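Hi everyone, thanks for making time. I'd like to walk you through one structure today, so have a look at it while I talk.

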Amino acid sequence: EDERCRVLDWLAWCLQNESKKPNWAIMLYSQAKGTGKSTLCNIATRLFGEENTARQNNLEKVAGKFNGPMLNSKLIISEEVELRPGSDAGNKLKTLITESTTTTEHKGRDVERIRLHSCFLLTSNHLPSWIEAGERRFYVVDVGHEGHASGPKSEGFTKIVRAVETALKDDEKVAAFYSFLMCRELSPDFDAMTLNVAIHGTELMRRLQANQVPATTQQLAEYLGREEAIAITEQDLRIYV
């Protein structure tokens, strides 16, 4: 219930303050596929408007060189996000979430500085172990349940998804939900600028923190793997580092 409330507050705040941007993003995670992550993204797309939403797989476009067109959208949805600790794309995403301005480029035009107003909604079937300890830019929600495609409650959940998809085609119903969020009174402890992970962290976020491997250790492990260094001496380790 707390997680549901915080996600609704985030959506409501972003709609009520279209000229501003939150300093943290929502990430929807589930190990299984078919849990409704894309359906939730469809709902958000209708709320913000398809012309005001940029949608992509992974982060190639928004973290790429010619990301100007995407950053002009209020809502940026990145699905199937999978990153490595300390990756360039991950660092670029963190900057876009928190900074108020950035330099961007359109094909055939000079680099320009623009003001950022976008909010980010991410999804993944991969456990986001790349999120570093103490990271306050991602509110990670485990949306896994037994109604996924091969789960014991798949039939009932499929009916729910179909009902939602039908409702999303009805402008009046979408408008009613939009009005509900525009009039929503946000929780007293909700802050779009700061995410207190110690107080408001989800169960999944606490589990990630407990199992956190430092980014430098992860990078070293990947490098040694590429070098096929299965067993090395302490002296050789210093040389590799």
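**A buried loop residue, two helices and a surface patch**

Let's start with N17, which is buried, its relative accessible area being 17%. Keep in mind that this is a predicted model. N17 belongs to the loop that joins α1 (2–16) to β1. A polar atom of the N17 side chain sits 2.9 Å from the backbone oxygen of W13.

Now to the helices. Which residues of α4, residues 88–98, are buried? They are G90, L93, K94, L96 and I97. These residues lie on the same side of α4, because they cover an arc of only 165 degrees around the axis. As a reminder, an α-helix has 3.6 residues a turn, so residues three or four places apart point the same way. And what do the buried residues of α4 pack against? Their partners are β1, α3 (68–71), β4 (101–104), β6 (119–124) and β7.

Next comes α8, residues 203–210, where L204, M205 and L208 are buried. Their arc around the axis is only 100 degrees, so they too are on the same side of their helix, α8. The cover over these buried residues includes β1 (25–29), β7 (138–142) and α7 (197–200).

Finally, let's go to the surface. Y223, I232, L237, Y240 and V241 make up a nonpolar patch there, and together they have about 410 Å² of accessible area. One of them, I232, is in the loop between α9 (215–226) and α10 (234–240). I232 counts as partly exposed because its relative accessible area is 32%, and partly exposed means between the 20% limit for buried and the 50% limit for exposed.

Methods: Residues are numbered from 1 along each chain as its sequence is written. This is a predicted model: local features need pLDDT of at least 70, side-chain atom pairs count only at pLDDT 80 or more; totals for chains, interfaces and linings use all residues. Side-chain values use heavy atoms; hydrogens and water are left out. Patches are made of residues with over 30% relative accessible area and no salt bridge: like charges are joined within 9 Å, nonpolar side chains (Val, Leu, Ile, Met, Phe, Trp, Tyr) within 5 Å. Accessible areas come from the Shrake-Rupley method with a 1.4 Å probe; for residues, only the protein chains shown count as cover. A salt bridge is a side-chain nitrogen of Lys or Arg within 4 Å of a carboxyl oxygen of Asp or Glu. Helices (H or I, at least four residues) and strands (E, at least two) are DSSP runs, numbered from the N terminus. Buried means under 20% relative accessible area, exposed over 50%, partly exposed in between (1.4 Å probe, protein chains only). The arc is that of the directions from the helix axis to the C-beta atoms. Contact means heavy atoms within 4.5 Å. A polar contact is a pair of N or O atoms within 3.5 Å; within protein, one must be able to donate a hydrogen and the other to accept it, and residues adjacent in sequence count only if both atoms are side-chain atoms.
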